[in-house]
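Trainee: Before we interpret anything here, could you take me through the terms and show how each one is justified?
Mentor: Gladly; let us look at the model together and set each value against its definition.

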Amino acid sequence: MIRTPLRPLARILDARARGENPDKIERDNIRQRHENMRDRTRIRAEGRLLMLGVMFFLGFGTIGLRMGVIAQSEPAEPRTSIAGAQIVAQRADIVDRKGRVLATNLETHSLYAQPRHMIDPKGAADKLVTIFPDLDHARLIKDFTGDRKFLWIKKRISPEQKQAVHDIGDPGLLFGPREMRLYPNGRLAAHVLGGAGFGREGVHAAEVIGVAGVEKYFDDRLRDPAQGDKPLQLSIDLTIQSAIERVLYGGMRLMNAKGAAAILMDVHTGEVIAIASLPDFDPNNRPRPPVSGDPSDSPLFNRAVQGVYELGSTFKIFATAQALELGLVSSSTIIDTGKPLKVGGYSINEFQRKNYGMLDVSSIIMKSSNRGTGRIALLIGPKRQKEFLGSLGMFDATPLEIVEAKGGKPLIPKRWTDLSAVTISYGHGISNTPMHLAAGYAAIANGGYAVKPTLIKQDGPQYGPRVMRENVAKASRAMLRRVVSDPDGTANFGEVPGYGVAGKTGTADKPKPSGGYYDDKVINTFASMFPVDDPKYVLIVTLDEPVETSGKKPRRTAGWTSVPVAAEIIQRIAPLMGLRPKIEPQPTTGITLTSN
């Protein structure tokens with residue numbers, strides 16, 4: 001910028017020639033320069049004010065537009081964020097079939113430390129150990145006095161613990177809001193619910209994710225903000241579940257078993273009303289998975305859907321039902337079980353080398369004859385037997401809605417020979433879970449339809465394809481009824497007055513990990529249905545390594561172990577389920593009228 005000189009020489013000389021004061025020229029030039037500067041400053045300020053006004057107008061316009069959009073939009077679940085990542089802070093509840101809460105959310109706090117802001121690290125560590133006895137005092141001192149800028153102390157604390165930490169008064173101990181999963185019923189239905197943990201975590205929020213059971217199977221649905229106010233309703237009945245777990249625990253202890261499982265299923269819908277596996281755990285404090293040893297020894301192991309066992313003589317009814325379906329035998333067909341039965345170079349013997357002689361098919365089931373069932377299996381043949389068991393879902397993992405169910409893959413022979421057909425007919429040579437057995441017995445109980453086990457509440461019957469005729473299912477139920485009602489039946493301890501129990505026992509030697517079988521360890525199962533005149537439920541009770549010791553000799557058969565436990569369960573839960581006791585009709589006594 002070129003400025004006008006304050007004292008231009010030409011004007012100064014001219015002014016002096018005219019006798020004028022040349023200083024006046026300088027003052028006029030200074031005034032003009034100041035006026036020009038003021039005008040330029042005013043124009044610049046006006047421009048800035050105009051720009052600021054435009055920015056305020058655009059800002060308020062944007063806010064108003066956004067408020068209008070929000071007012072017209074659908075409400076959505078709030079989300080919290082940390083470090084630029086969104087964390088969903090809400091998880092839907094889980095309820096039983098009557099709407100009672102099984103799993104819900106609890107607002108709590110986390111505890112963390114910023115050691116650089118701590119005033120008395122050692123004193124804080126001393127007091128924290130008194131509040132949280134599980135903390136390592138030496139480790140706290142090391143962390144608080146080291147170079148760490150941040151460390152978690154507790155991911156979840158109670159209100160009482162928060163107040164106690166707050167009373168310490170150290171500014172380096174801080175709290176963060178946290179939502180945790182709460183299971184108000186403790187251990188009840190632990191294997192169904194599974195448990196939840198934390199995924200992505202931040203100081204101000206944590207993502208709750210399912211780690212097992214239905215929590216993990218339905219994780220996406222439970223975390224969906226659009227369904228946060230819609231609880232996941234299961235088929236489980238909390239009252240029945242509690243009763244079964246109590247009786248099963250008592251039975252396991254009384255029978256000296258290392259583990260137990262029980263399943264109660266609706267035979268028409270496939271709904272699992274109760275499912276228990278012992279030992280169990282508290283999902284509020286889920287233990288860590290084992291890294292060594294036998295997985296089945298862990299309380300996390302779900303014996304009902306992960307326990308793949310040879311289920312013994314409970315399979316015999318499938319052989320007789322198929323033979324009835326094919327028209328090969330009837331309930332009264334006589335079969336010689338006294339003759340030696342050799343198949344593939346192996347002799348088939350009865351339990352404890354008994355000899356039942358000539359038996360009809362119904363008595364074969366009632367007395368649990370291996371030879372009789374084996375001869376029926378040879379009539380059926382390996383190919384047809386395999387097709388029938390496949391139609392009952394015995395070869396695939398059950399579709400139950402818990403992640404552990406896919407681990408219960410049945411073990412079947414690579415080559416299905418005549419010997420396989422015979423041994424499988426009485427529950428050896430094939431391994432299934434108790435849940436598979438429940439589904440198979442449900443088909444007999446409901447009149448011949450396959451059903452899929454489910455943990456989700458259903459509306460009305462959910463029948464699959466028909467696997468046997470109705471009259472065959474009825475005849476099979478009559479055979480199973482004899483097993484319980486006949487004094488010579490293997491399950492005569494299973495009678496529950498007024499409820500017409502039918503079922504079949506199964507005692508299978510427990511296999512060794514290295515091959516072969518233990519001499520003194522068994523898996524005992526009782527598969528039952530009730531009430532037999534109009535079956536509504538199937539109950540499976542399995543005990544792992546039971547031994548009944550009230551007599552002179554230890555007794556390990558299912559009739560002495562699983563059957564009494566199942567009978568106690570039915571007696572306990574039937575009234576709770578609204579089933580009225582009914583006196584079964586007795587044969588009419590012949591009366592001859594005579595005159596006096």
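Trainee: What exposed area does the protein chain have, and how much of it do carbon and sulfur atoms supply?
Mentor: The protein chain exposes about 30,600 Å², of which carbon and sulfur atoms supply 54%, the areas coming from the Shrake-Rupley method with a 1.4 Å probe, where for residues only the protein chains shown count as cover. Please keep in mind that this is a predicted model, in which local features need pLDDT of at least 70 and side-chain atom pairs count only at pLDDT 80 or more, while totals for chains, interfaces and linings use all residues. Residues are numbered from 1 along each chain as its sequence is written, and side-chain values use heavy atoms, with hydrogens and water left out.

Trainee: How many helices and strands does the protein chain have?
Mentor: There are 17 helices and 18 strands in the protein chain, counted as DSSP runs (H or I of at least four residues for helices, E of at least two for strands) and numbered from the N terminus.

Trainee: Why is the protein chain called more spread out than a compact globule?
Mentor: The globule rule is 2.2 Å times the number of residues to the power 0.38, and the radius of gyration is taken over C-alpha atoms. For 596 residues the rule gives 25 Å, whereas the radius of gyration is 40 Å, well over that value, so the chain is more spread out than a compact globule. Along the principal axes, the C-alpha atoms fill a box of roughly 175 × 65 × 55 Å.

Trainee: What makes Ser368 count as buried, and what is said of Asn256?
Mentor: Buried means under 20% relative accessible area, exposed means over 50%, and partly exposed lies in between (1.4 Å probe, protein chains only). Ser368 has 12% relative accessibility, so it counts as buried, whereas Asn256, at 40%, is partly exposed. Both have positive phi without being glycine, near 55° for Asn256 and about 65° for Ser368. Asn256 sits in the loop between α9 (238-254) and β10 (259-266), and Ser368 in the loop between α11 (361-367) and α12 (370-380).

Trainee: Why is α10 called mostly covered?
Mentor: Nine of the 11 residues of α10 are buried, including Lys316, Phe318 and Gln322. After α10 comes Gly327, with a positive phi near 75°.

Trainee: How do you know that Asp360 is partly exposed, and which residues does it touch?
Mentor: Asp360, in strand β15 (residues 358-360), has 22% relative accessibility and therefore counts as partly exposed. With contact meaning heavy atoms within 4.5 Å, Asp360 touches Ser331, Ser332, Thr333, Ile334 and Arg482, not counting residues up to four places away in sequence. A polar atom of the Asp360 side chain also lies 2.6 Å from the backbone nitrogen of Ser363.

Trainee: Which peptide bonds are called cis, and with what omega?
Mentor: One joins Leu278 to Pro279, with omega near 0°, and another joins Phe530 and Pro531, with omega about -20°. Pro279 is in the loop between β11 (272-278) and α10 (316-326), and Pro531 in the loop between β17 (517-530) and β18 (537-544).

Terms used. A polar contact is a pair of N or O atoms within 3.5 Å; within protein, one must be able to donate a hydrogen and the other to accept it, and residues adjacent in sequence count only if both atoms are side-chain atoms.
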